[in-house]
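Please open the model in your viewer and keep the selection tool at hand. The tour below goes from stop to stop, saying at each one what to select and what is there.

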Amino acid sequence: LHIPLSRGKFVPGNMELLPATDDTKNGYDLAPMGLKVAADVVESLLGLIYLQFGYQKCAEISLELGLSLPVSDEDAYHAEDHPEVTTDATLLERVAELTGRDNFNDPSLVAEAFTHPSAIFEETQSYERLEWMGDAVLCLASRQWIFDAWPEMSVGDSNALASVFVSNEILAFQCVKIGLHHFINHRDQSLPSTLENYEWLIENRQVALWGSDPKKILPDVLEAVFGAVHMDGGFQAGQESVFTLMGPLIEGIKRLKDNIHHFKHPYTVLQESCGQLLGYNIVREDIFSRSQDCTSSQVWDHSRWRLPQADGTDFVATVQFRGKCVVSVIDPSKKIAHTRVCSLATGALEKYPKLVSRWTEVHRVILQHGSKKKMEEEQNEENKRRELHHRPLVK
């Protein structure tokens, strides 16, 4: 392990640790190992132990290394330490059906998972701690599933797929589809209309993966449910609850496993295909209507093209090439406007793939022309300096 971890120098063998000698040191730069590299090695070893021997053994090894992981589920949580809180029987039955956790040792955890911070007079605390725990449960479950299902997938594509699995858009969609949003205990007067609007949006607009801007309470509640199952039933129960509740999404991803790029955010796709060729901007509709970009541009409004209004209050997102508007989309939400304009531009590039090569050529010519002009200006300046230097002095 004294040899630097660089490709071509370090080759993992049978994990036998050999002492360093003068022969093994010869030819290698023995600079101190960086903290990031050391941390990555420890994390990789713990990941290998977890995959081969399970969580229990991984936790034991972690303790030997001085890391704070509970060795057993009993060390992590004691139900008798929490006050008795009544839980709605319908909610308990619904959560049990969705997660596969038939009998909760501490039903108050379910009530806690659905208690919004605005419910300040409730006996139970809000879902924030369980949501924090459930985020880790979901992250590990998704990564292990991807690791097992696609052993040849690159880390970049694995991250892209995992980001879909844990995204607010997916979790909020799933929360509403299975009806858990009806059980949220809150005192926020604006929340019912917000949730109704989102429910209407996904039912009537048939929005795609990245085409919505849901209230964060929806993914938070779903993650809190995973956290509740984990704290009540232990590590394995938490992992199984993710696979049970997220089953429809898992099946959908399996069907599209050969088209992983469909899961990437449209902005990421544009960046990968066009790099720095394109620019992006978001302004309010009334400001856009007075800009030069609007002289002959229409904006895409869900299902039709229209001119922006001088008194409009929505947001216009544009994709630009060399400062000129390529396509523009309007929406009440900044986030949705940006996502949809990137999606529209991505669709155009898929239909007309030669656009990228044309933009690249135009960009190259402009840069070349600019460099040539700059060189001419510098040469002129140099000629002037030489002329002044050699000019004879006149008495």
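**A buried pair and its network**

Begin by selecting Arg-306 and Asp-301, both of which are buried in this predicted model. Their side chains meet in a salt bridge, with 3.0 Å from N to O. If you then add Glu-285 and Arg-304 to the selection, you have the four residues that, together with Arg-306 and Asp-301, are linked in a network of salt bridges. The count of salt bridges comes to 13, and the next stop shows two others.

**Two salt bridges within helices**

Select helix α2, residues 35-53, where Lys-36 and Asp-40 lie 4 residues apart, about one turn of the helix. The side chains of these two residues meet in a salt bridge of 2.8 Å, N to O; Lys-36 counts as exposed, at 58% relative accessibility, whereas Asp-40 is partly exposed, at 30%. Now move to helix α3, in which Lys-57 and Glu-60 are 3 residues apart, again about one turn of the helix. Here the salt bridge between the side chains is 3.4 Å, N to O, and the partners are partly exposed, Lys-57 with a relative accessibility of 38% and Glu-60 with 29%.

**A nonpolar patch on the surface**

Next, select Val-42, Leu-65 and Leu-67, which form a nonpolar surface patch with about 240 Å² of accessible area together. Leu-67, found in the loop between α3 (55-64) and α4 (73-76), is partly exposed because its relative accessibility of 36% lies between the limits of 20% and 50%.

**Into the cores**

Which residues have the most contacts inside the largest nonpolar core? Select Phe-114, Phe-165, Leu-218, Leu-222 and Met-246, which hold that place in a core of 52 residues. The largest share of this core, 10 residues, comes from α11. Apart from it lies another core, of 16 residues, including Leu-278, Val-329, Ala-345 and Val-356.

**Asp-220 and Gln-125**

Staying with helix α11, residues 217-233, select Asp-220, which is buried because its relative accessible area of 9% is under 20%. Its side chain makes a polar contact of 2.7 Å with the side chain of Lys-216, and, leaving aside residues up to four places away in sequence, Asp-220 touches Tyr-127 and Glu-131.

Finish at Gln-125, in the loop between α6 (108-113) and α7 (128-149). Gln-125 is partly exposed, with a relative accessible area of 36%, and beyond residues up to four places away in sequence it touches Glu-112 and Thr-115.

Note on methods
Residues numbered from 1 in each chain as written. Predicted model: local features only at pLDDT ≥ 70, side-chain atom pairs only at ≥ 80, totals over all residues. Heavy atoms only, no water. Buried < 20%, exposed > 50% of the residue type's maximum accessible area, 1.4 Å probe, protein only. Contact = heavy atoms within 4.5 Å. Patch = residues over 30% accessible without salt bridge, like charges linked within 9 Å, V, L, I, M, F, W, Y side chains within 5 Å. Areas by Shrake-Rupley, 256 points an atom, 1.4 Å probe, with all protein chains shown as cover. Polar contact = N/O pair within 3.5 Å; in protein donor to acceptor, adjacent residues only side chain to side chain. Core = buried A, V, L, I, M, F, W, Y, C linked by side-chain atoms within 4.5 Å.
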